[in-house]
Structures are given as structure tokens and as C-alpha cells.
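User: Could you take a close look at one part of this model for me? I'd like to hear about the parallel sheets, with a quick word on the annotated N-terminal stretch to get us oriented.

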Amino acid sequence: MRVRYQSVTACAVLVLVAVVVEIAELCICANSTTLLHPQCLERERQALVKFKASLTDSSNLLSSWHGHDCCQWEGIGCDNVTGHVVMLDLATPYVKWSRSVPQIEYDMAEDSEDELVSSEYDYHFSDQYLVATNVNSSLLELEYLSHLDLSGNFFYPSPIPMFIGSMQRLRYLSLSRAYLSGRIPSNLGNLTNLHFLDLSDNEFSRDSNINWISQLPLLEHLDMSSIYYGLQVDIVNVTISAPNLQILSLAHNRLNVSNLDAFQNATSIEFLDLSWNNFDSLPSWFHKFEKLKHLFLSSNNFQGTIPDALQNMTSIEVLDLSDNSFTSVPSWFVELKKLVYLSLSSNKLTSMECSISSILKNMCHLKSLYIAGNKLQKESIGNNDFSTCIRHDLENLDLSQNEFNDHLPSWLGQLENLGNLYLHDNFFYGLIPPSFGKLLKLKNLYLSNNKLEGGFPDFMGQLVNLHVVDLSNNSFNGTITQNLEQLVNLQHFDVSKNYLRGSIPSSLGQLINLTKLDLSINFLKGIIPTSINQLVNLNRLDLSRNKLDGKICIDFQKLVNLSYLDLSSNNLNGPITVEESRLLVLSEMWYLNLSHNQISGSLPEHIGHIMPNLGYLILGNNLINGSIPKSLCQVDDLSILDLSKNRLSGKIPNCWKDNRKWDEINLSSNKLTGTFPSSFWNLSTLSWLHLNNNSLHGEFLASMRYLPYLLIMDLGENQLSGPIPSWSANTFPSLQVLRLRQNMLNGSIPSQLCELSSLRILDLSRNNLNGSIPRCIGNIQGMILEGSALSATSSIASGPALPPDSDWQAENVKEVVKGRELDYIRILKFLVHMDLSENNLVGSIPKEITLLDGLHSLNLSNNHLIGKIPNKIGNMTSLESFDVSSNQLSGTIPSSMPALTSLSHLNLSYNNFSGPIPTEYQFSTYKSSSYAGNPYLCGYPLPNKCGYLHEDHGSSEFEDGDSNLDKLEKWLFYLVIAIGFATGFWGVIGTLWFKKTWRHAYFRWVEDLADTIYVTTAIRMAKLKKWMMKRNRVVA
């Protein structure tokens, strides 16, 4: 019984224990979240809510900030025990990404053409940030906050909130790139627990006091770069007392050497960025930085040789001396054997005491070497002795933009780890060494802009890791090798501007990762292989300026990523094949150039819908017919439309809208009809308008919109009628070329045209204009030397920003200069020309026209002008061509005209000029045709000789050569000769006649002279005869 009781008791105890354990487990499970991740305190949650209310969050970065547990909110970190908020990290996504990439790699990604990560990240995340002008001080409620990061947000124009200086538990504070301004509050010195402080990239006041930095003894990381918006910082009185400071950045502050004294005791520094300042030397104590591993001194004022202060810093691993004015590299430089990264780019290096090969020989662990943008020559390359290195770690080598003028060094093939090789823009010549075939890890190869020659390298096919091959602008010949199909990683292939022949290899179609293919400006022939359509990732294809023929076989259904297509200047034919029935949309296409081919057929009616993002459509110089599709009006991004020199007909659509991107419209040399489209005047950014050589008719609208950027308006060779509108500076303030030649315009020349101060070419010829030439014509500043030079280089003062000079290279205008019609293209910008010929203009040539001393050509021929040529025409010193033929001008040729020493073409024919033709300077070179039809002109080269001038009401009569004046001159001439002869004759003969003693003495002297001559001759002849006899004996 007792045993049973004990058993029952034991069982009861076991059951009780089991129940207790189960209850405990249930309690633990129920509260596990609370124990491991305690919820934030309500007071602190409310503080964060108030802080959020002071921000504008259009990017929804704080979308997770809802609910009771703020510890689960994005950017919030809580203490795992107490639940207090200890971290507030609201750095923008872009800032977080840039921090994840090491600075050196990030800089290289920005410079590298094939790395698009940075730009893509910029595009997607640059607009994600918070905005606030007055941050709520509720953050003070977060008493245990030790980490605060607000980097990358937009707080302009707010200063740093004063309450931050009271958050004394902060160990980490970053306010970089936050657009903060004003003075830096000195109470930041109260944050004595700070280990990390970053105030970089803001716009603080120059008078900010930063002495408080000396009160932060625990600092390990200090970034004060770009804090003063380019103004010089005064930190002379600052003393850094942080013994553990490891990272210091003072870039972009225009510091000088004396400012560095504040940091001479911070010998624990390992990372020092002093780039973009005004340093021209280093202090003598600089060698104290014995632990320094990363040193950035780029973009300062260093000159001459590299400072000796760096000689003993053998622990340094990263050294950036780029963008200075160093001229030489000392021999001790090779002793910096721990270097992993070295940049000497963009200096003025002309020599190196240690060659490039010796640097690589001693720095076996160097991974990146950049010496681009200097003036080094072949002596700096060195030999190929790498025996001291078991292996080379070099991955990046940039020697571009120097003046080596030598063969490519074959020892480069020994750098087996090389991934990026930049040798472009040098004067390397000869063949690519076969040793390059050993660079099996090579990813990017840039050899463009050299003088390399020979056939296309066969070894290229074995470099299977290649991503970029740029051999453009060299002298390679032969054919493109067929073994490129092995380069499956190739993304960028550019062999443009060479002498490659043969056909395009079909094997290129196997490079499925290719995004850019440029074979332009070669001598390739044959058809475009259909295998090109397999390159589904291709976004840029340039086959222009070759000898390709056949039809365009581009399958736009497959190449949907194509954004740039240039097939211009070939012999391609057939229609543009785009099957509209499939509702194809090429949303990526923005540049399409098929000009200078033999393409026929009509344009797809819905081309604007097929390519909705098209920016450039260039189809000029083809055989395209039909009408201009109205769908082009709907393309929002269209900037350049060139359909010139085709067979287009019908009316120009009048539906153009202002997308604020328009630059050029060229519809010239077609068969277009109808009136001038009034909607063209809506295109506020238009710079170039060419509608010449069509059959447009009708009158201009009286009112037109202000077009501030318009430079060329060419409406010549049409059938436009009515008067010329009163265009002025209020309409076209930047207009430089106005060409209305060969229309049916009537009325007078409006005086408002004189207000077009930038005008350099004015062509109103071959119209029905009447009236006189406006006297204000001399006010056109663009035709005056000083104003002409100004408008040739820049826009008018306070005017709009005009296109760069390079844009003029593609513009052309036909003008009659020096009696010939010339097509001005590359020098169009420098031509200054006025042509008012073949009209019905009356009156005299205004004397004010002589103020246009920058004018190169002036044509006023075939009008009804009267009067004289202005006397001051000699002031037009730039004049090269002057034509006033077929008018009713009279008077003499002005005496100032010979001063026009540049005048090579002169036509004064068929007028009523009179008087002598000048003979000075270039006037002796003109042909008689320049003066034909002027019966009263005389002198060379005309047969008429100039005689006595008789003027009667502006006319002149000349007598024959036997006029009284000529007879008097002849009689005087004969009389002088007679008097001279008589004087000479009787002065000698008369004396001998009347003086007998003189006569006898004279004749005796003559007889003695004759005897002397006879005797002398006889003696010399005897001596000559005797010498001849001796000579004959010797010979015998």
C-alpha cells in the first residue's frame, strides 16, 4: 500500500513537473520575439514620427515607417536589450552604393568607356532622396543614438541643425552631400565620443570656425573635403590631437602647405587625401607619416620633379600624383616596392630617370599603373628585363596620350595578369607584337589613334576574355580575320578609320554579347551579312563610309535593342523595309543615318510611331520618293531631320510641335510644293532650316515667333512671293545666314534687316525687289571686322547659348562668289557675303556700305543703280570679290580702290564709268572683260589710250593722240634733243676748227696712238708664233 502511494506521489510529481515545463515553454515561445528583439520605446517612436513629418519623401524611402515597432523600420537600429534607438541611417541609395565601391575602383569605373554601372546607378537612384529645410529637433529624444547618417539628402539652404551638437552619445556622424550651408556650428566640439565624422561635399560659409576639431580626441575617420564650396580654408590654428586618426580627407579646399602643420602630430594616419588643393611642395616633416598607405595629391600645383619627401615612405601602397605639372620621375621612385596603385597621369612628364619597365621590374605587386596624358617619348619605355619578379600582379596599364613614336614593346606580353591595356593616342607604329597573344586575361584593349599597320592580328581570336577591342584610326589593312567567333565575351569592337578590305565576315554574327560594332571608314565591300541579325544585344552599329552594296538586310524584329544605326555613304539600294503590319516598335532607336546611298521607295507612313524616341533621322542624298509622313510630327525627341536631295513630293506637313529639342530641318533639293509651313515658327530651339531648291510658293506670314537660336534660314530656289517680312533682332537675334535667292519676292528691302546684327551672309538675289538699298545696311555688325570676329566665335552678348563650332562642319550653302557658284561647307562659318544682284533696285550705292570692312564678297550686279562708287570703298579691306556690272553707274573708278589688296575678282562691266583705269597693285592683273561696256574708260587692259579729259555733267570726251597737248609735248621733246646734239657736236668740232694748234696736236696724238697699237700687236703676235713652234717640237 505504501509502495503504491509512493508510486502515485512520484507520478504526480512527474506530471506536475511536466506541466510546469510545458507552461514555461509556452511562456518562452509567447515572448521570444520580445526577449530577442524588444520593441522600441513609444516615446522614441513618436520622436521619429515627428522627424518624418518634417521631411518630404517623394521617393517613398520611408514607406516602411508605420506600425508600433519602429525597430523594424528601414534605417532604424535598436539595442537588442533595452530597445533604445541607437542608429538612424537615412543615407540615400546612391551614397550607399558609392560607399560599397572602393574609391579607386569607383574613379576607374567613371573613366572607363565600357563600365556602365555608375551611370546606370546614377540614372535609377540619383532622384531618390529626402528633402527638408528645417529638420525637427525631436531627434534629441533619442538619448542613446550613437549612429546618425543623413548623407545624400537635400537640406538646402539649411545649416547643420544646432541640436546635433547636443547628441553627445554619437560615435558616428555623416552629413556628406546633404547640400548644407551656413556656418559650421562650433558646438560639434561637444561630441567627444565621435569616432567617425564626415561633413564633405557641402557649401558651408568661409568664416566657419573649425577649431573645435581639436576637441575630438577619439576621431579615427575625418572627412572635410569640399566643405567650403571652392573657397580657401584657414585651418592654421587647428591642432589635431586624435592619436588614433587613420583616415583624413581634405580634398577640394584650396589648401596650401602651411595648412598641413595642423596635422603633423597625427602620425597614425593611413589614408590621406589632399587632392584638388593649392599645394606646390610638401613640408619637411612629411616623412613622419610612417604608417601612410594611401596618399592622394592629384590636381595641385606641383611642378618639376616628384618631391623627395616621398622617398622614404616605403610603406605606401596607393599613390595618386595625377593632374599636376611634374616633368620628371626620380630614380629612387623604383624603391616604393609596396605600391599597388600608382597614377602619374595628366602631368607634363618628358623624361623618367627610371623607365616604365624598371618600375614594373621593381614593383612586382603593382596592380594599376597610369601614366596617360604626358609627353613621354620612347626612351621612357625601357627594356624587357623582368627577371626580379617571379610573377607580375599588374592588371591595369594606361600609357595613352604620350609621344612614344616607337614600335609597341613586345615585353608587354609577359604581363600575364594584365586585364586592361590602354595604349591609344600615341605614335606607335608597325605591327602588333605576337607576344600580345599571351595576354589571356586581357579584357579591354585600346590601341586607337596610332600608326599601327599590317593585317588584322590572327592571335586576336585566342584572347577569349576580351570585352573591348578598339583599333580605330590606324593603318591596318587586309581583311578581318574569320576566327573571331571564339570571342564570346566581346562587347565592343571598333576597327573604324583603317584600310581594311574584303567583306564583312559572317562569323561576327556569333558574338552574341556584342553591343557596339563599328567598321566605318574602311574599304569593305559586298553585302551586309544576314548573320548580323543574330546580335540581339547590339545597340550601336556603324558601317558607314565603305563600299557596301546590296539591300539593307537589317531585321529590326530581332535587333530591338539597336539605338544607333549608321549605314551612310555606301552603295546600298532598295527600299527601307520595315513591316508595319507587325506593329513593330523600335523604342530604343534614336539615331538613324542612311544618307548618301541609293535607297528608293517611300518612307513608312507610321515611321514616327515605329521609332517614337528617334532623335536623328538622316536620309539625305538618296532616291526616296513619296511624301513626308505626318507621323514624324509626333516624335517628341526629334532633333535633326535631314531628307535633303531626294525625290520627295507633295506638301510639307504643317503639324510640327515644339519639343524644345529641335536643332535642324533640311528638306532641300526635293520636289516639295505648297506653302511655307507656319508651324516651323513654333520650333523655339531650331538652329538650321534648309528648304531651298523646292517649289514652295505663297507669302510669308506677317507675324512670326521669336526664334533665338536660328542661325541659318535658306529658302532659296523656290517660288515664294510677296514682300520680305520685317524680320529684326526681335525675331531672329542670332541669325547669321539669310538666303532667299531665286524666288519671286517683291517690294523693297525692309530696313529692319539691318537690326540682324549677327548676319554674315545676306542673299536676296534673283528676285523682283525694288526701291533703294537701305542706308542702314552699314549697321550689320556681323559684316564688320570687329563684330564679324565676335559672331564667328560666340553668340551676341547676353544672347542664347548657340551650337558649338563643330556643328557648322555639317552645314552647307551655295553662293555665287567671284563669278562662280560654290558650295560652302567647312568654311561656311567664316564667309561674309552680300548678294543683292538681279533685282530692280534703284538709286545710288549708299556710302554707309563701306563701313562693312569684314565683307568678303559684294554683288550688286544687274540692277538699275546710278551714281558713283563710294569714294571710301578702299576701307572695305576684306573685300575679295566686287561685282556691280550691268547697272547705270558712272564717274571714275575711286582712287582708293587699289588699296583693296585682297580683291581678286572685279566686274565693273556694262556701266558708264569714265576716266583712267588704275594701274597700281592688283589692277594690272584684271582682264578687259572686267571693264567691258564702259566706252569712256581708258588705260590698260583696254585698247583706249587716255588723253585730255573733258567733263560735261558727269561724262568725258577725249581727243585723238594728235591733240594739241600731245603735239606740244612732241615738239618740246624734239627741241631738247636738237639742242643737246648741237651742243655736243659744236663743242668738239668747233674747237678743232677754230684752233689750229689744237687741231695739229689732236691729229699728232691720234697718229702716235695708232703706231703704239700697231707695234704692240706685232710684238705679241711674234711671241705667240714662237711659243706655238716650241709646243709643236715637244709634241713631236
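**From the annotated stretch to the sheets**

Analyst: Across residues 42–79, the C-alpha atoms at the two ends are 15 Å apart, and the span is 32% helix and 8% strand. Keep in mind that this is a predicted model. The UniProt record, an unreviewed entry, puts the feature "domain: Leucine-rich repeat-containing N-terminal plant-type" on residues 42–79.

Now for the sheets. One of them is open and built from 3 strands, ordered S12-S14-S16 with parallel pairing. Its edges are strand S12 (303–305) and strand S16 (351–352), and each of these pairs on one side only. Look at how S14 meets S16: strand S14 covers residues 325–329, and 2 bridges tie S14 to S16, with the two running parallel. If you want a residue to click on there, try Val329, which sits opposite Met352 in S16.

Another open sheet has 4 strands, in the order S20-S22-S24-S26, and here too the pairing is parallel. At its edges you'll find strand S20 (429–430) and strand S26 (499–500); each has a single partner strand, so one side of each goes without a neighbour in the sheet. For S20, look at its contact with strand S22 (residues 451–454): the two pair in the parallel sense over 2 bridges. A handy spot to zoom in on is Gly430, whose bridge partner in S22 is Leu452.

Terms used
Residues are numbered from 1 along each chain as its sequence is written. This is a predicted model: local features need pLDDT of at least 70, side-chain atom pairs count only at pLDDT 80 or more; totals for chains, interfaces and linings use all residues. Side-chain values use heavy atoms; hydrogens and water are left out. Two strands pair if DSSP finds at least two bridges between them. UniProt positions are given in the numbering used here, feature names are shortened, and annotations may be inferred rather than shown by experiment.
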